Amino acid sequence: MTFAPTRTAGLERLSDFVPHAGTAYTRTRNFDDGAAAEKMRQNVSQLSPWLRAGLLGETEVIKAILEHHGPTDAESFISEVFWRIYFKGDLEQRPSIWTSYCKGRDAAFAVLDADAALAEPYTKATEGRTGISAFDHWSRELTQTGYLHNHARMWFASIWIFTLKLDWQLGADFFLRHLIDGDAASNTLSWRWVAGLHTKGKTYLARADNIARFTDRHPDGPLAAEGLAEHAEPLEEPIEHARSMPDLPSQCSVDAPYALLLHDEGASHGPLELPHKPSLIIAAARPKARSPRDIGTQARDFASQAVLNGGKAAGEAFGCEVVQWGPKETLASLLENAGIECLATPYLPTGWTRSALWADLSILQQHGELAQLVAQLDRAAWPHAKAGFFRIKKAIPGILGELGFAGG
Ligand SMILES: Cc1cc2nc3c(=O)[nH]c(=O)nc-3n(C[C@H](O)[C@H](O)[C@H](O)COP(=O)(O)OP(=O)(O)OC[C@H]3O[C@@H](n4cnc5c(N)ncnc54)[C@H](O)[C@@H]3O)c2cc1C
């Protein structure tokens with residue numbers, strides 16, 4: 001599977017996958033068939049890189065699935081898409097999880113930098129040299145392809161934390177630096193979920209028999225996992241992350257000429273409901289802000305080209321100029337050069353893109369010149385994103401019905 005960083009490639013993948021998103025997905029989604037699988041992993045969509053970059057929106061993906069399958073057959077796939085929405089909504093309500101992860105990651109790197117003996121097991125894990133065959137396979141697959149199957153991510157994170165006893169924040173950072181779909185909410189909260197920090201006290205333990213069973217169709221399978229931990233004691237943390245639903249920006253209403261800012265979380269105008277045509281497109285890619293360490297080539301290139309291509313496509317669609325906003329320029333100077341005061345942008349959720357861009361955007365916000373576009377689906381779903389996934393899961397039919405989805 002190749003991941004081309006354009007909306008067109010994402011739409012093509014969506015249309016190829018739609019027929020497989022019903023009961024076949026429910027039956028087979030847990031199998032990791034490997035990157036070189038003959039049928040190109042048709043059991044899962046591999047849409048996450050396009051969804052993460054905002055080249056595709058969750059709404060259009062769910063709509064396409066429901067146009068082809070009834071709600072019962074599509075339930076399992078839609079539920080997975082809602083995991084993404086749930087994690088985003090949860091992190092919006094508890095942003096301190098992200099700041100505390102960043103601090104913890106930096107502190108863990110400082111410890112490794114000061115002690116070569118401690119750095120060695122980390123290096124072995126990230127280079128696929130631990131001696132645990134399955135784990136080493138996924139480690140190399142991740143750095144070479146930029147993608148891992150969901151089950152492999154769960155097994156990998158569990159082995160990292162409970163067998164290798166490495167710091168979970170370093171594992172989450174390793175994923176973020178290499179996953180093409182690297183996402184602040186889904187990644188951080190999934191690692192916390194495996195570690196027993198998300199659903200407090202409930203951990204995920206990888207077992208060799210389960211790995212063998214769900215990798216038996218893999219070209220190198222069934223994968224062996226030697227010497228795994230037999231118990232997974234939940235990790236603990238000294239902080240309680242307070243929850244509060246932020247006031248989401250109101251429905252976008254920009255009357256004046258405005259610039260449309262596209263970024264790592266919202267790289268295309270395609271999924272957006274824009275108030276009217278923009279007069280300028282500003283493209284700002286910040287893949288390096290994912291981590292203080294080097295970003296994998298696949299992840300870096302997909303992210304920066306997604307924004308570049310998204311900007312170009314928007315410029316062509318609206319017949320307006322496209323400018324790049326690099327890390328060393330100010331947004332104010334770009335707007336001043338174009339004689340524009342207002343800016344609209346896809347909503348910036350908690351994570352590195354927001355951290356990298358917010359200093360400039362907050363000035364516009366203070367002057368009432370910033371409109372953040374929140375998807376109707378997120379607006380309807382995020383208030384249910386608390387107290388575990390099953391609460392939001394129960395609300396899915398109501399949310400889809402409220403938004404007028406066929407079959408919702
Ligand atoms: C430790 C760990 C780290 C992860 N890190 C990320 C990450 O950085 N970015 C990311 O997008 N997902 C992450 N996931 C979730 C999940 O593994 C991927 O979204 C999924 O594997 C993407 O493949 P797919 O598109 O074929 O999924 P499909 O099975 O086809 O699912 C369709 C879509 O639903 C969403 N989705 C599916 N499963 C999940 C899930 N468990 N959590 C959240 N969303 C889900 C994705 O957007 C996906 O594209 C992580 C999971 C774990 C266990």
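Angles under 35 degrees count as roughly parallel, over 145 as roughly antiparallel, 65 to 115 as roughly perpendicular, and the rest as oblique. The exercises below use a predicted model.

**Exercise 1.** Classify how helices α9 and α11 are oriented to each other, and describe their contact.

*Solution.*
- Locate the helices: α9 spans residues 150-163 and α11 spans residues 184-195.
- Take the geometry. The two axes come within 9 Å and cross at roughly 60°.
- Apply the cut-offs. α9 and α11 are therefore oblique to each other.
- Add the hand: the crossing of α9 and α11 is right-handed.
- List the contact. From α9 come Met-154, Phe-156, Ala-157, Ser-158, Trp-160, Ile-161 and Phe-162; from α11, Trp-191, Trp-193, Val-194 and Ala-195.
- Sort by class: this contact of α9 with α11 has 10 nonpolar residues, 1 polar and no charged ones.

**Exercise 2.** Do the same for helices α6 and α11.

*Solution.*
- Helix α6 covers residues 96-114.
- The axes of α6 and α11 lie 11 Å apart, at an angle of about 75°.
- α6 and α11 are therefore roughly perpendicular to each other.
- Ile-97, Trp-98 and Tyr-101 of α6 touch Ala-184, Thr-188, Leu-189 and Arg-192 of α11.
- By class, the α6 contact with α11 has 5 nonpolar, 1 polar and 1 charged residues.

**Exercise 3.** Find the residues with the most contacts inside the largest nonpolar core.

*Solution.*
- The largest nonpolar core has 100 residues.
- Phe-82, Trp-138, Trp-160 and Ile-211 have the most contacts inside it.
- α9 gives the most to this core, with 9 residues.
- A second, separate core has 18 residues, including Ile-282 and Leu-335.

How values were computed. Residues numbered from 1 in each chain as written. Predicted model: local features only at pLDDT ≥ 70, side-chain atom pairs only at ≥ 80, totals over all residues. Heavy atoms only, no water. Axes fitted to C-alpha atoms, helices over the stretch in contact; angles between N-to-C directions. Helix = DSSP H or I, 4+ residues; strand = E, 2+ residues; numbered from the N terminus. Left-handed = near helix turned anticlockwise from the far one by under 90°. Contact = heavy atoms within 4.5 Å. Nonpolar A, V, L, I, M, F, W, Y, C, P; charged D, E, K, R; others polar. Core = buried A, V, L, I, M, F, W, Y, C linked by side-chain atoms within 4.5 Å. Buried < 20%, exposed > 50% of the residue type's maximum accessible area, 1.4 Å probe, protein only.
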